[in-house]
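Me: I should like to understand the reasons behind the terms applied to this structure. Please set each value against its cut-off and then conclude.

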Amino acid sequence: MTGHPAPLPLTGVTVVSVEQAVAAPFATRQLADLGARVIKVERPGEGDFARRYDTTVDGESSYFVWLNRSKESLTLDLKSAQGREILEQLLGGADVFVQNLAPGAAARLGFGAEHLAERHSSLIPCSITGYGSSGPWADRKAYDLLVQCQTGLVSLTGNEHGAARAGVSVADIAAGMYAYSGILTALYTRATTGVARAVEVSLFEALAEWMSQPAYYTRHGGTQPPRIGTQHATIAPYGAFTAADGKDVLFSIQNEREWVSLCERFLERPELVDDPRFATGSDRVAHRDEINAIVAERFRRSGSGEVSKLLDSAGIANAGVNDVEEFLAHPVLGARGRWQDVRLPGGGAVPALLPPVDLAGTPARMDPVPAVGEHTERILGELGHSAEAIEDLRTAKVI
């Protein structure tokens with residue numbers, strides 16, 4: 001572990017995580033960013049299956065590199081009694097235990113929240129499930145896109161030609177974020193009351209929270225927001241239009257002041273301000289096609305650079321519709337120094353984004369991505385296992 005000029009906020013906090021895929025690793029990586037010691041328990045030999053999602057980052061998985069920097073990798077066969085004994089040892093000195101195993105697996109191994117509360121009263125267990133640990137779907141497997149479908153998100157994403165998944169793992173990310181904030185809350189509660197509270201987050205309920213606005217709109221409006229690509233379903237004009245040079249620029253009208261400015265300064269159609277078809281936000285949504293035709297005609301007369309300058313001068317928020325290559329070269333990330341190299345298991349390094357939350361006077365921790373089992377011997381040694389005992393565990397394929 002590399003040295004740091006000052007203690008990080010979670011220095012001294014130990015997290016043990018039996019994790020895989022995205023949701024739990026995202027939660028624990030953020031704890032590691034803040035200085036927590038995160039011991040990632042992986043399967044002997046193969047490790048977290050997310051290591052093999054792809055091989056695009058110098059032979060490593062893009063998912064794994066993103067989610068697992070600054071962690072220590074310990075391999076254990078938890079189906080073996082010896083493996084479970086070692087995990088029990090680890091938890092005796094840990095503050096947090098995170099797991100996103102298959103439904104019921106942690107409890108069957110003896111590491112459910114209730115079991116742990118009996119043996120480790122100060123340990124904070126965090127379970128990340130698909131649909132919750134109770135209820136009719138408690139035993140059902142859940143992956144990100146399945147949850148996108150179940151919450152109705154897919155029905156809102158896409159255009160008139162068909163539905164589409166969100167381009168990133170939003171259910172996993174949502175669950176990971178709520179697990180992270182839940183763990184921080186539990187650590188604060190333990191520090192102030194002495195009581196360790198268990199944390200549980202489900203992918204379904206995390207993304208269900210994010211679906212609240214369209215849920216309200218549908219329940220009380222009688223129909224769900226339409227699927228209309230880059231246009232906003234309930235605000236107009238708000239969407240992407242193609243400029244004369246072929247580049248799409250998206251802009252947003254959020255209030256009446258901006259609508260007036262758009263009409264007078266960009267569209268050069270001041271008479272539209274008093275047009276009854278566009279008098280209110282609801283009127284503009286009802287007459288979206290007419291507005292969009294007017295806007296599209298104006299866009300065809302100017303290149304994307306000029307469009308952006310004119311919208312800027314009118315005080316209207318806008319952005320070019322970037323692809324990923326353009327995002328990677330974004331001037332904000334470069335000028336603010338948001339890229340920092342992180343070392344890979346093979347010895348190379350890749351640029352990684354700093355955590356988005358800056359704590360004044362606190363540097364971010366950006367330590368290497370671990371190889372499978374890279375820290376096994378050191379961790380077992382800390383637990384009191386001799387070199388001979390460690391070799392016996394290796395021979396028995398426990399580690």
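Me: Why is Cys-149 called partly exposed?

Reply: In this predicted model, the relative accessible area of Cys-149 is 47%. Buried requires a value under 20% and exposed a value over 50%. Cys-149, at 47%, meets neither condition and is therefore called partly exposed.

Me: Why does Cys-263 count as buried?

Reply: The relative accessibility of Cys-263 is 0%. The cut-off for buried is under 20%, so Cys-263 counts as buried.

Me: How many disulfides does a search of the whole structure find?

Reply: The search finds 0 disulfides. A pair of cysteine sulfur atoms would have to lie within 2.5 Å to be listed.

Me: What makes up the protein as a whole, in helices and strands?

Reply: There are 18 helices and 13 strands. The C-alpha trace spans about 85 × 45 × 40 Å along its principal axes. The protein has 399 residues, of which 44% count as buried. It exposes about 19900 Å², and carbon and sulfur atoms supply 54% of that area.

Me: What share of the contacts with a separation of 6 or more comes from residues 24 or more positions apart?

Reply: Such residues account for 67% of those contacts.

Me: How many positive and negative side chains does the protein have, and how far apart do the centres of the two sets lie?

Reply: The protein has 37 positive and 49 negative side chains. The centres of the two sets lie 1 Å apart.

Me: Why is Asp-33 called buried?

Reply: Asp-33 has a relative accessible area of 5%. Since buried means under 20%, Asp-33 is placed in that class. Asp-33 belongs to helix 1, which covers residues 23-33.

Me: How do you know that the side chains of Asp-33 and Arg-69 make a polar contact?

Reply: The distance given for this polar contact is 3.3 Å. The cut-off is 3.5 Å between N or O atoms, and 3.3 Å falls within it. Arg-69 is also among the residues that Asp-33 touches, together with Leu-8, Pro-355, Ala-364 and Arg-365, when residues up to four places away in sequence are not counted.

Me: What makes helix 1 mostly covered?

Reply: In helix 1, 11 of its 11 residues are buried. They include Ala-23, Phe-26, Arg-29 and Gln-30. Just after helix 1, Gly-35 takes a positive phi of about 105°.

Me: Why does Thr-376 count as buried?

Reply: The relative accessibility of Thr-376 is 2%. That value is under 20%, so Thr-376 counts as buried. Thr-376 is located in helix 17, residues 376-382. A polar atom of its side chain lies 3.1 Å from the backbone oxygen of Gly-373. With neighbours within four places in sequence left aside, Thr-376 is in contact with Ser-73, Leu-74, Thr-75 and Ile-399.

Me: What kind of peptide bond joins Ala-236 and Pro-237, and what is its omega?

Reply: The bond is cis, with omega about -10°. Pro-237 lies in the loop between helix 10 (212-221) and strand 9 (238-242). Most peptide bonds are trans, and most residues other than glycine have a negative phi.

Me: Which value of phi does Asp-58 have, and why does Asp-58 count as exposed?

Reply: Asp-58 is not a glycine, yet its phi is positive, about 50°. Its relative accessibility is 60%, and because exposed means over 50%, Asp-58 counts as exposed. Asp-58 is placed in the loop between strand 2 (37-42) and helix 2 (62-67).

Me: Why is Lys-397 called exposed?

Reply: Lys-397 has a relative accessible area of 64%. This is over 50%, so the term exposed applies to Lys-397. Lys-397 lies in the segment after helix 18 (387-395), and its phi is positive, near 60°.

Me: Why is Val-321 called partly exposed?

Reply: The relative accessible area of Val-321 is 36%. That value lies in between the limits of 20% and 50%, so Val-321 is called partly exposed. Val-321 is in the loop between strand 11 (318-320) and helix 15 (324-328). Beyond its neighbours within four places in sequence, Val-321 has contacts that include Ala-240, Lys-247 and Glu-326. Val-321 and Asn-100 are 221 residues apart in sequence and 36 Å apart in space, C-alpha to C-alpha.

Methods
Residues are numbered from 1 along each chain as its sequence is written. This is a predicted model: local features need pLDDT of at least 70, side-chain atom pairs count only at pLDDT 80 or more; totals for chains, interfaces and linings use all residues. Side-chain values use heavy atoms; hydrogens and water are left out. Buried means under 20% relative accessible area, exposed over 50%, partly exposed in between (1.4 Å probe, protein chains only). Helices (H or I, at least four residues) and strands (E, at least two) are DSSP runs, numbered from the N terminus. Contact means heavy atoms within 4.5 Å. Accessible areas come from the Shrake-Rupley method with a 1.4 Å probe; for residues, only the protein chains shown count as cover. Lys and Arg count as positive and Asp and Glu as negative; His and the chain ends are not counted. The place of a charge is taken as NZ of Lys, CZ of Arg, CG of Asp or CD of Glu. A polar contact is a pair of N or O atoms within 3.5 Å; within protein, one must be able to donate a hydrogen and the other to accept it, and residues adjacent in sequence count only if both atoms are side-chain atoms.
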